[in-house]
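The following exercises concern the structure shown below. Each consists of a task and a solution worked in steps.

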Amino acid sequence: MKMGKESMNKTPLQFDSTRPRLLWCTCFALAAAIVFGPGCQSHHHKNAPQPKVETKESQAAITPEEALARLQEGNARFALGQSRQRNFPAKVRATAEGQYPFAVILSCLDSRVPAEIVFDQGIGDVFNARIAGNVLNDDIIASMEFACKASGSKLIFILGHSNCGAVKGAIDNVELGHLTGLLDRIKPAMAAVPADVQPRSSSNKKFVQKVADENVHLVMKQIRERSPVLREMLDQNKIGIAGGMYDLATGEIHFFPN
Ligand SMILES: [Zn+2]
């Protein structure tokens with residue numbers, strides 16, 4: 001009984017275990033600095049992870065392909081439980097004067113798919129627009145234009161996920177306040193799934209997944225069609241666009257081939 005309780009407490013804490021340790025280190029370093037002088041403090045600084053900060057120049061040097069590779073590598077680290085240890089307060093201070101994110105990500109509202117975490121990115125690394133069903137609207141397009149044209153991001157990434165409630169809601173014709181209009185945006189993806197995928201209901205996992213896949217592809221296509229600003233940048237290879245599907249069960253993203 002006691003063992004069970006302990007292990008239950010241990011697992012969620014493990015991910016964040018650096019925090020109390022950092023706090024203790026900071027307290028110890030402060031005390032040591034008072035007692036022993038500045039030498040001890042500099043030793044502590046040497047061991048603390050120093051944040052890597054993007055600059056206008058480093059952002060400009062990244063290609064769209066490299067930006068995609070960063071997201072792929074980040075998700076691989078995350079899925080293996082090898083996410084980078086991050087000194088968030090230091091990164092907050094280091095990015096206070098400006099931001100140079102290398103990508104803009106559109107992903108779902110779903111609480112289980114926080115983009116920065118599943119791509120193992122830190123403060124200031126990516127723009128992130130989240131909306132139920134990762135659908136497109138004028139404000140999301142405007143945000144992407146801001147990210148790419150005004151702020152220099154090199155990649156637009158559309159991230160869907162398995163077992164998406166918004167996709168299932170669209171399939172079930174859910175009607176609820178403003179949600180009705182949002183779910184309508186997913187319905188063209190249902191029509192894009194071949195007719196032989198049956199039954200076309202939210203209880204058919206294969207159909208739900210195919211609608212989610214088509215939804216990502218349609219959003220990628222719509223961005224090109226609806227935004228002359230982004231279309232021009234895409235045609236000139238100044239930016240790239242890519243999509244993928246997050247698996248809620250494994251934490252892995254399947255990156256769609258371009
Ligand atoms: Zn979702």
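**Exercise 1. Identify the residues that stand opposite Leu-106 in the strands on its two sides.**

Solution. In this predicted model, begin with strand 3, where the bridge partner of Leu-106 is Ile-158. Five bridges join strand 1 to strand 3, and the two strands run parallel. Next, turn to strand 2, where Ala-129 stands opposite Leu-106. Strand 1 (residues 103-107) and strand 2 also run parallel and are likewise joined by five bridges.

**Exercise 2. Establish the order of the strands in the sheet and determine which strands stand at its edges.**

Solution. The order is 2-1-3-4-5, in an open sheet of five strands with mixed pairing. Strand 2 (126-130) and strand 5 (253-255) each have a single partner strand and therefore stand at the edges, with one side of each left without a neighbour in the sheet. On average, neighbouring strands of this sheet are turned by 25° against each other, direction ignored.

The pairing of strand 3 with strand 4 completes this part of the picture. Seven bridges join strand 3 to strand 4, and these strands run parallel. Within this pairing, Leu-159 stands opposite Gly-244 of strand 4.

**Exercise 3. Decide whether the two faces of strand 3 are covered or open.**

Solution. Consider one side, which carries Leu-155, Phe-157, Leu-159 and His-161, all of them buried. The other side carries Ile-156, Ile-158 and Gly-160, and these are buried as well. Both faces are thus covered, in agreement with the count of seven buried residues out of seven for strand 3.

**Exercise 4. Describe the largest nonpolar core and the surroundings of Leu-155, one of the residues that touch the most other members.**

Solution. The core contains 49 residues, and those touching the most other members are Ala-103, Val-104, Ile-105, Leu-155, Ile-156, Phe-157 and Val-167. Its largest share, eight residues, is supplied by helix 12 (residues 205-226).

For Leu-155, set aside the neighbours within four places in sequence; the contacts that remain are Pro-64, Ala-67, Leu-68, Phe-102, Ala-103, Ile-239, Gly-240 and Ala-242. As for the helix that begins at residue 64, helix 5 (residues 64-79) lies across strand 1, strand 3 (155-161), strand 4 (240-246) and strand 5. Helix 5 runs at about 15° to strand 4.

**Exercise 5. Locate the two residues that have a positive phi although they are not glycines, and classify each as buried or exposed.**

Solution. Asp-120 has a phi of about 45° and is placed in the loop between helix 7 (115-118) and strand 2. Asp-120 has 21 C-beta neighbours inside 10 Å; as 20 or more are required, this residue counts as buried.

Asn-237 has a phi of about 60° and is placed in the loop between helix 13 (228-235) and strand 4. Asn-237 has 11 such neighbours; as 12 or fewer make a residue exposed, this residue counts as exposed.

**Exercise 6. Find the position of the cis peptide bond from Gln-198 to Pro-199.**

Solution. The bond from Gln-198 to Pro-199 is cis, with omega near -10°. Pro-199 lies in the loop between helix 11 (187-192) and helix 12.

**Exercise 7. Characterise the positions of Arg-86 and His-217.**

Solution. Arg-86 is in the loop between helix 5 and helix 6 (88-94). This arginine has 16 other C-beta atoms within 10 Å and so is partly exposed. Between Arg-86 and Pro-51 there are 7.5 Å in space, C-alpha to C-alpha, although they are 35 residues apart in sequence.

His-217 belongs to helix 12. This histidine has 15 other C-beta atoms within 10 Å and so is partly exposed. His-217 and Ala-189 are 28 residues apart in sequence; their C-alpha atoms are 8.6 Å apart.

**Exercise 8. State which elements of the protein have the highest and lowest mean pLDDT, and where caution is required in reading the model.**

Solution. The protein as a whole has a mean pLDDT of 86, and 81% of its residues reach 70 or more. Among its elements, strand 3 has the highest mean (99) and helix 1 (residues 2-15) the lowest (39). The pLDDT is below 50 over residues 1-46, a stretch with ten contacts in the model beyond near neighbours in sequence. Where pLDDT is low, predicted coordinates should not be read in detail.

Definitions and conventions
Residues are numbered from 1 along each chain as its sequence is written. This is a predicted model: local features need pLDDT of at least 70, side-chain atom pairs count only at pLDDT 80 or more; totals for chains, interfaces and linings use all residues. A nonpolar core is a set of buried Ala, Val, Leu, Ile, Met, Phe, Trp, Tyr and Cys residues joined through C-beta atoms within 7 Å. Helices (H or I, at least four residues) and strands (E, at least two) are DSSP runs, numbered from the N terminus. Two residues are in contact if their C-beta atoms, placed from the backbone, lie within 7 Å. Two strands pair if DSSP finds at least two bridges between them. Axes are lines fitted to C-alpha atoms, for helices over the stretch in contact, and angles run from 0 to 180 degrees between N-to-C directions. pLDDT is the predictor's confidence in each residue, from 0 to 100.
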